[in-house]
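Me: I am a first-year student, and I would like a careful look at a single part of this model. Please take the helix packing around the pocket and walk me through it slowly.

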Amino acid sequence: MNGKRGRPRNVEAQKAILSASYELLLENGFQAVTVDKIADRAQVSKATIYKWWPNKAAVVMDGFLYAATARLPVPNTGSATNDIVIHATNLTRFLTSREGKIITELLGEGQFDAGLAEAYRTRFFRPRRLEARGLLEKAVQLGELKKELDIDICIDLIYGPIFYRLLVTGDALDEPYVQHLVLTALEGIRSSCAEEQLG
């Protein structure tokens, strides 16, 4: 009985913590956010935060993802190729939005903060990579791509250039570019598979 009564309070406290960490991140940037400030804004104790998160980086990333998840749905149009184009386009649109630009800040901070680097790898990038893997596996199942596919390499080929432009060259990242990128990469992947079969 006590556990059941406590659960709604736990959920509300977690939501308050996630919202507070996200608001502080937007307002002040990662460096200025502290567990004390999150606790104060969420009106909880620091011990409550540490009960659910190991460190500041983890709670800040979860707060960011809590706010951002609705922006990155996994498409299901019936065509795996279309789904991959839409997924990559949605990701790019998000990364170049006001909220998404926080990711570039966090990537920079992560070069000096191992806890933050681990948090954004496990909480943001790994789930996106698993989504991409699922879409490519679906393409194989639907016969749109061959079974002899190195899916990890394909993910790098499709999504790597997006982050290269975002973080290195600063070149434009718009929908026509992303669509052309994905379709060109998939065409190359199909050609490579065909050549291997002929060989």
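Reply: What follows begins with the whole chain, turns to the pocket, and then takes the helix contacts one by one.

This is a predicted model, in which local features need pLDDT of at least 70 and side-chain atom pairs count only at pLDDT 80 or more, while totals for chains, interfaces and linings use all residues. Residues are numbered from 1 along each chain as its sequence is written, and side-chain values use heavy atoms, with hydrogens and water left out.

The protein chain has nine helices and zero strands, where helices (H or I, at least four residues) and strands (E, at least two) are DSSP runs numbered from the N terminus. Taken along the principal axes, the C-alpha atoms of the chain fill a box of roughly 65 × 45 × 25 Å.

The largest pocket has a volume of about 240 Å³. A pocket here is an open set of points on a 1 Å grid over the protein atoms alone, where a 1.4 Å probe fits, with protein on both sides within 12 Å along at least five of seven lines, and a lining residue has an atom within 4 Å of a point; the volume is the space filled by probe spheres set on the points. Its lining is made by His87, Leu91, Phe125, Arg128, Arg129, Ala132, Ile155, Asp156, Tyr159, Gly160 and Phe163. The elements that give two or more residues to this lining are α5 (80-95), α7 and α8 (151-169), and the largest share, five residues, comes from α8. By class, the lining has six nonpolar, two polar and three charged residues (Ala, Val, Leu, Ile, Met, Phe, Trp, Tyr, Cys and Pro count as nonpolar, Asp, Glu, Lys and Arg as charged, and the others, Gly among them, as polar).

Two packed helices are described by the angle between their axes and the distance between the axes. α5 and α8 pack at an angle of about 15°, with their axes 11 Å apart (axes are lines fitted to C-alpha atoms, for helices over the stretch in contact, and angles run from 0 to 180 degrees between N-to-C directions). These two helices are therefore roughly parallel to each other, a term for angles under 35 degrees, whereas over 145 is roughly antiparallel, 65 to 115 roughly perpendicular and the rest oblique. In this contact (heavy atoms within 4.5 Å), Ile84, His87, Ala88, Leu91, Thr92 and Leu95 of α5 meet Ile158, Tyr159, Ile162, Phe163 and Leu166 of α8. Those residues divide into nine nonpolar, two polar and no charged.

Turning to α7, the axes of helix α4 (residues 56-68) and helix α7 (residues 114-141) come within 8 Å and cross at roughly 30°, which means that α4 is roughly parallel to α7. Among the residues that meet here are Met61 and Phe64 in α4 and Tyr120 and Arg128 in α7. The residues of this contact divide into nine nonpolar, one polar and three charged.

The axes of helix α6 (residues 101-110) and α7 also come within 8 Å, but cross at roughly 140°, and α6 and α7 are therefore oblique to each other. This contact includes Leu106 and Leu107 of α6 and Phe124 and Phe125 of α7.
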